[in-house]
Amino acid sequence: MNTAGGFEALDTVVGSDAPVLPATQRHARPGAHHAELVEQAVAVLRQAAAEHAGAVVQASSLGVEDMLLTDLIHRHGLDIPVATLDTGALHPQTLELIDRLRRHYAIEVQVWQPRQEAVVEFVARNGREAMYRSVDLRKACCAVRKLEPLGRMLEGRSAWVTGLRREQSAQRDGVRERETGDDGRVKFSPLAQWSLGDVWHYVAGHGVPYNPLHDRFYPSIGCAPCTRAVAVGEDQRAGRWWWELDGAKECGLHSEQGHAVGARP
Ligand code: SF4
């Protein structure tokens with residue numbers, strides 16, 4: 001696996017000042033039932049807020065789908081707090097988006113970080129580029145930087161809201177709007193049926209803030225070492241853990257049964 005090649009591609013695209021067509025213009029394409037999709041998504045969010053009052057959270061990845069959901073939550077005055085993970089390995093553009101999100105909607109955004117001692121120990125033992133050496137080490141890094149803080153984020157919550165869509169990958173084609181995990185926690189995915197075109201149509205039409213990396217051909221954005229731009233025609237998740245086989249391209253935040261795995265109550 002040529003990691004250097006991955007970083008070169010990343011630097012070329014992110015560092016370039018060449019003008020690009022914004023993602024809103026590239027992707028916005030409403031389906032015939034766009035208005036119904038919006039209504040259904042709001043209905044799912046209302047249900048989450050009503051049935052789990054005070055015990056539901058939007059676990060935002062800060063990707064475009066989650067930015068859309070935050071817009072719907074804010075626009076409809078729903079009592080669903082927004083939380084996200086700062087793994088310590090995010091792009092500067094993603095960190096800046098957290099502040100933009102706070103300012104744009106005048107809301108609090110909870111930021112959950114991994115335990116520093118666990119990160120230091122993992123890096124000391126396995127190195128900074130451990131994720132490229134094996135799937136097991138990559139998953140171990142995700143466990144330390146993502147799953148453990150997610151477990152704390154969800155502690156005491158009976159439900160969470162995610163931006164998962166079926167179209168994102170083969171691993172996600174079974175996502176439903178409402179799923180209950182083995183732990184009894186309900187996961188709401190109001191955009192399960194949305195297409196990428198519908199997502200960007202909403203974002204363009206409502207002035208939703210989004211990560212500028214989306215304009216630079218990053219459809220899915222995670223930690224910097226594990227995310228790159230994709231080429232035309234590539235899968236929406238192709239830029240994540242691109243050195244691994246397709247079947248492994250999940251970090252464990254979302255299991256097949258639709259619940260958070262790893263540390264959880
Ligand atoms: S996405 Fe990469 S850097 Fe981020 S937690 Fe997983 S392996 Fe570590």
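## Close-up views of a predicted model

**View A. Q58 and its partner across two strands.** Q58 sits opposite V161, a residue of β4. This pairing belongs to strand β1 (residues 56–60) and strand β4 (residues 159–161), which are joined by 3 bridges and run in the parallel sense. Please keep in mind for every view here that the model is predicted. As a reminder for reading these panels, strands of a sheet pair through backbone hydrogen bonds, in either a parallel or an antiparallel way.

**View B. The whole sheet, strand by strand.** Stepping back, you can follow 6 strands in the order β3-β2-β1-β4-β6-β5. The sheet is open, and its pairing is mixed. β3 and β5 (178–180) are at the edges with a single partner strand each, so each has one side without a neighbour in the sheet. On average, neighbouring strands of this sheet are turned by 30° against each other, with direction ignored.

**View C. A β-α-β unit at β2 and β3.** Here strand β2 (residues 82–85) runs parallel to strand β3 (residues 109–112), and 4 bridges join the two. To find your bearings, look for A83, which stands opposite Q110 of β3. Add helix α5 (residues 92–105) to β2 and β3, and you have a β-α-β unit that is right-handed.

**View D. Helices α4 and α8.** Two packed helices are described by the angle between their axes and the distance between those axes. For helix α4 (residues 64–75) and helix α8 (residues 196–206), the packing angle is about 50° and the axes are 10 Å apart. An angle of about 50° makes α4 and α8 oblique to each other. The crossing of α4 past α8 is left-handed.

**View E. Helices α6 and α7.** What is the angle at which the axes of helix α6 (residues 116–126) and helix α7 (residues 135–154) cross? The answer is roughly 170°, and the axes come within 10 Å. That angle is over 145 degrees, so α6 is roughly antiparallel to α7. The crossing of α6 and α7 is left-handed.

**View F. The shell around the ligand.** Which residues come nearest to the ligand? They are C141, C142, R145, C223 and C226, out of 13 residues around the ligand. Sorted by character, the residues of this shell divide into 8 nonpolar, 2 polar and 3 charged.

Conventions: Residues numbered from 1 in each chain as written. Predicted model: local features only at pLDDT ≥ 70, side-chain atom pairs only at ≥ 80, totals over all residues. Pairing = 2+ DSSP bridges. Right-handed = clockwise from strand over helix to strand, strands pointing away. Near = placed C-beta within 6 Å. Nonpolar A, V, L, I, M, F, W, Y, C, P; charged D, E, K, R; others polar. Axes fitted to C-alpha atoms, helices over the stretch in contact; angles between N-to-C directions. Parallel < 35°, antiparallel > 145°, perpendicular 65-115°, else oblique. Left-handed = near helix turned anticlockwise from the far one by under 90°.
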